[in-house]
Amino acid sequence: MVTNDILYIGVDDKDIDLFEGQFVVPNGIAYNSYVILDNKIAVMDTVDKRKGAEYLANLEKALGGRLPDYLIVSHVEPDHASSVKLFLEKYPQAQLVGNAKTFQILAQYFDLSFDNALIVKEGDTLPLGKHELHFILTPMVHWPEVMFTYDSYDKVLFSADAFGKFGALDTKEDWTCEARRYYFNIVGKFGMPVQTVLKKAASLDIRIICPLHGPILSGDLSKYLDKYNIWSSYEPESEGVFIAYASLHGNTRDAVLALKEMLLSKGCPKVAVSDLARDDMAEALEDAFRYGKIVLAASSYNGGVMPFMEDFLHHLKGKNYQKRTVALVENGSWAPSANKAMTEILSQMKDITILDTPITLRGIMKEEDKKAFEALADKLCDS
Ligand code: FEO
């Protein structure tokens, strides 16, 4: 139960191997849905059809023999809307509610007629009885049709993907870590639209946030709003250095692990390290945004850079990576090429400062290399 009239009817998915076909979710994912019981009944989104039957059972139980009047479609992505057809087969009297883009995109997924749909615009309201729903269009958080709904009676914001996290609801873990990994990998590209939404939300009296993934948020909401403000403005969140490496034979790895110890011994508060060939790429991307300074260290390969690093940099570029200080380390036995290749991709990003102390290893880290790494550690601590 969210409030006296708002019930949770979502489902956990712990069978999924990759969310959106690409992200590992060791603790699964929740597809949230809610029902508002008033004179009229509104259902807030459906769930992924992978869990459609369980969802319909939850809904039927919550309805207690009544029938829903509206299905509000906040977001058409299939993890939320692929059960719309199932829903309408069971409750054909219900009216779909969305904006013009909602139905334009929904028609790409379902061979359905939307003649009876209620099309809403920014600022439109829908009275249910004592509850009144206010629609707030939030394009590109995360698709163009996304909209939030604010219930002015219980002061609940239904926030679509925003404020969601990876992890099933019975997972006992802090919100921040998996919300950050979710944010940067799913919504990270769209910082400006998120900033716009935060400004709209600032004018609302919000007591509870009901996202489409992860826990229902209540109590002191400033913690969540502050994180979203930092993340969407592309500002670093934590003091420290992130080292991402791709190492062919382990020599580049050994060098950056030595760099990590140098940084810590010089007082760097935190050094996070990711092996791009073995660790979760989504978490590496998250850490690249979390810290203000990053070290990219990679073997040269095919006249360029080892593919895991190339892939990582293209991921960062795709997510609008910006406002960071970057140090480069390459390894190459006869024709080092990684720093040039990494610089080329970094040059396509905004506000990236590349430190003027690039390091070239030739095989293992030698005594003279250690001096260069010490100097780099000093520079990273000072910058
Ligand atoms: Fe949870 Fe953008 O879908």
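These are my notebook entries on one chain, looked up in a predicted model.

**Entry 1. The chain as a whole**

I began with the overall counts. The chain has 383 residues, and 56% of them count as buried. I found 12 helices and 22 strands in the chain. Along the principal axes, the C-alpha atoms fill a box of roughly 75 × 40 × 35 Å.

Next I looked up the contacts between residues at least 6 apart in sequence. Of these, 71% join residues at least 24 apart.

For the surface, I noted that the chain exposes about 16100 Å². Carbon and sulfur atoms supply 50% of that area. The chain carries 41 positive and 54 negative charges, and the mean positions of the two sets are 2 Å apart.

**Entry 2. Helix 5**

I then turned to helix 5, which covers residues 175-187. How many of the residues of helix 5 are buried? I counted 12 of the 13, so helix 5 is largely enclosed by the rest of the structure. The buried residues include the aromatic side chains I wanted to check, namely Trp175, Tyr182, Tyr183 and Phe184. Also on the list of buried residues are Glu178, Arg180 and Arg181.

What do the buried residues of helix 5 pack against? I found two strands, strand 3 (18-19) and strand 4 (23-24). I also found three helices: helix 6 (191-201), helix 7 and helix 9 (281-290).

**Entry 3. Helix 5 against helix 7**

I followed up the packing on helix 7, which runs over residues 222-232. The axes of helix 5 and helix 7 come within 11 Å and cross at roughly 35°. The crossing is right-handed. On the helix 5 side, I listed Trp175, Thr176, Ala179, Arg180, Tyr183 and Phe184 as making the contact. On the helix 7 side, the contact is made by Lys223, Tyr224, Lys227, Tyr228, Trp231 and Ser232. The spacing in both lists made me recall a general point: an α-helix has 3.6 residues a turn, so residues three or four places apart point the same way.

**Entry 4. Phe289**

I looked up Phe289 in helix 9. Is Phe289 buried or exposed? Its relative accessibility is 1%, so Phe289 counts as buried. Leaving aside neighbours within four places in sequence, Phe289 is in contact with Phe184, which is one of the buried residues of helix 5. Phe289 also contacts Tyr234, Glu235, Pro236 and Glu237. Further contacts of Phe289 are Leu316, Lys319, Tyr321 and Arg324. I checked one pair by distance: Phe289 and Glu235 are 54 residues apart along the chain, and their C-alpha atoms are separated by 7.9 Å.

**Entry 5. Two residues with positive phi**

I noted two non-glycine residues with positive phi. Ala160 has phi near 50° and sits in the loop between strand 14 (156-158) and helix 5. At 2% relative accessibility, Ala160 counts as buried.

Lys323 has a phi of about 55°. Lys323 belongs to strand 20, residues 322-331. Its relative accessible area is 32%, and because buried means under 20% and exposed over 50%, I put Lys323 down as partly exposed.

**Entry 6. Ser82**

Where does Ser82 lie? I placed Ser82 in the loop between helix 2 (78-81) and helix 3 (84-90). With a relative accessible area of 13%, Ser82 is buried. Not counting residues up to four places away in sequence, Ser82 touches Thr46, Val47, Asp48, Lys49 and Phe110. I also took the distance to Tyr224, which is 142 residues from Ser82 along the chain; the two C-alpha atoms are separated by 28 Å.

**Entry 7. Gly304 and Leu264**

Gly304 is in strand 19, residues 304-305. I recorded a relative accessible area of 14% for Gly304, which is buried. Beyond its neighbours within four places in sequence, Gly304 is in contact with Ser337, Ala338 and Ala341. Gly304 and Pro336 are 32 residues apart in sequence, with 8.3 Å from C-alpha to C-alpha.

Last, I looked up Leu264 in helix 8, residues 251-265. Leu264 has 36% relative accessibility and counts as partly exposed. From Leu264 to Gly240 I noted 24 residues in sequence and 9.5 Å in space, C-alpha to C-alpha.

Definitions and conventions
Residues are numbered from 1 along each chain as its sequence is written. This is a predicted model: local features need pLDDT of at least 70, side-chain atom pairs count only at pLDDT 80 or more; totals for chains, interfaces and linings use all residues. Side-chain values use heavy atoms; hydrogens and water are left out. Helices (H or I, at least four residues) and strands (E, at least two) are DSSP runs, numbered from the N terminus. Buried means under 20% relative accessible area, exposed over 50%, partly exposed in between (1.4 Å probe, protein chains only). Contact means heavy atoms within 4.5 Å. Accessible areas come from the Shrake-Rupley method with a 1.4 Å probe; for residues, only the protein chains shown count as cover. Lys and Arg count as positive and Asp and Glu as negative; His and the chain ends are not counted. The place of a charge is taken as NZ of Lys, CZ of Arg, CG of Asp or CD of Glu. Axes are lines fitted to C-alpha atoms, for helices over the stretch in contact, and angles run from 0 to 180 degrees between N-to-C directions. A crossing is left-handed if the near helix is turned anticlockwise from the far one by less than a right angle, and right-handed if clockwise.
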